[in-house]
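Here are my comments on the entry you asked me to look over. They are set out as numbered points, to be read with the coordinates open.

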Amino acid sequence: MAHSAAAVPLGVLEQGCPIRVEHDRRRRQFTVRLNGCHDRAVLLYEYVGKRIVDLQHTEVPDAYRGRGIAKHLAKAALDFVVEEDLKAHLTCWYIQKYVKENPLPQYLERLQP
């Protein structure tokens, strides 16, 4: 099953638009708008203490998978944890995988068991 969208390079959305992650602190989510603003990829988190966030779930619509969008969401969320001097609990399997593939000290030292 071939998709014409598969020809789009990683890190780039339609019409050559770079992937831009937006952070909505009020709704506790990171998003990437896809196809204008109808579709979006999302990473959800919750505070489970004053200084601890649980990175709970990452979701990318099927048509956009395999383009590195979830990696951008994971990096943005982990960078937020570092910048805000928080600790992170990783409920989301994808973020667990991302940290294993990108074992940066600033990420590892902030992980909660």
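**Notes on the model**

1. Asp85 is found in the loop that runs between helix H1 and strand S5, and it is a convenient place to begin, bearing in mind that this is a predicted model. The phi angle of Asp85 is near 55 degrees, which is a positive value in a residue other than glycine. With a relative accessible area of 48%, Asp85 is partly exposed, because that class lies between the 20% limit for buried residues and the 50% limit for exposed ones.

2. A positive phi also occurs at Arg28, where the angle is near 50 degrees and the residue is again not a glycine. Arg28 sits in the loop between strand S1 (21–24) and strand S2 (29–34), and its relative accessible area of 29% makes it partly exposed. I would ask that the backbone be inspected at both positions, Arg28 and Asp85.

3. The loop between S1 and S2 also holds Arg25, which counts as partly exposed at 47% relative accessibility. Although Arg25 and Tyr45 are separated by 20 residues in sequence, their C-alpha atoms are 9.6 Å apart in space.

4. Strand S4 (52–59) has pairing partners in two senses, and they are best described one after the other. With strand S3 (residues 39–47), S4 pairs in the antiparallel sense over 6 bridges, and a hairpin of 4 residues joins S3 to S4. Within this pairing, Leu43 has Thr58 of S4 as its bridge partner. With strand S5 (residues 87–90), by contrast, S4 pairs in the parallel sense over 4 bridges, and here the bridge partner of Ile52 is Lys87 in S5.

5. How is the β-α-β unit made by S4, H1 and S5 handed, right or left? These three elements make a right-handed unit, and the loop between H1 and S5 that belongs to this stretch of chain is the one in which Asp85 is found.

6. Helix H1 (69–83) contains Ala74, which has a relative accessible area of 0% and is therefore buried. Ala74 and Leu55 lie 19 residues apart in sequence, while the distance between their C-alpha atoms is 8.9 Å.

7. Arg67 deserves its own comment, since it is a charged residue by class and yet is buried, with a relative accessible area of 6%. Arg67 is found in the loop between S4 and H1, and its side chain reaches the backbone oxygen of Ala63 at 3.2 Å. This separation is within the 3.5 Å limit for a polar contact.

8. The largest pocket has a volume of about 330 Å³ and is lined by 17 residues, among which Val60, Arg65, Gly66, Ala70 and Tyr94 lie nearest its centre. S4, H1 and helix H2 (93–101) each supply at least two residues of this lining, and S4 gives the most, with 4 residues. By class, the lining of the largest pocket comprises 8 nonpolar, 5 polar and 4 charged residues.

9. Which element, then, links the pairing described above with the lining of the largest pocket? S4 pairs with S3 in the antiparallel sense and with S5 in the parallel sense, and S4 also gives the most residues to the pocket lining. A figure centred on S4 could therefore show its place in the right-handed β-α-β unit with H1 and S5.

Definitions and conventions:
Residues numbered from 1 in each chain as written. Predicted model: local features only at pLDDT ≥ 70, side-chain atom pairs only at ≥ 80, totals over all residues. Heavy atoms only, no water. 1 Å grid on protein atoms, 1.4 Å probe; cavity = no way out; pocket = protein on both sides within 12 Å on 5 of 7 lines; lining within 4 Å. Points joined across faces, edges and corners; volume = space filled by probe spheres on them. Buried < 20%, exposed > 50% of the residue type's maximum accessible area, 1.4 Å probe, protein only. Polar contact = N/O pair within 3.5 Å; in protein donor to acceptor, adjacent residues only side chain to side chain. Pairing = 2+ DSSP bridges.
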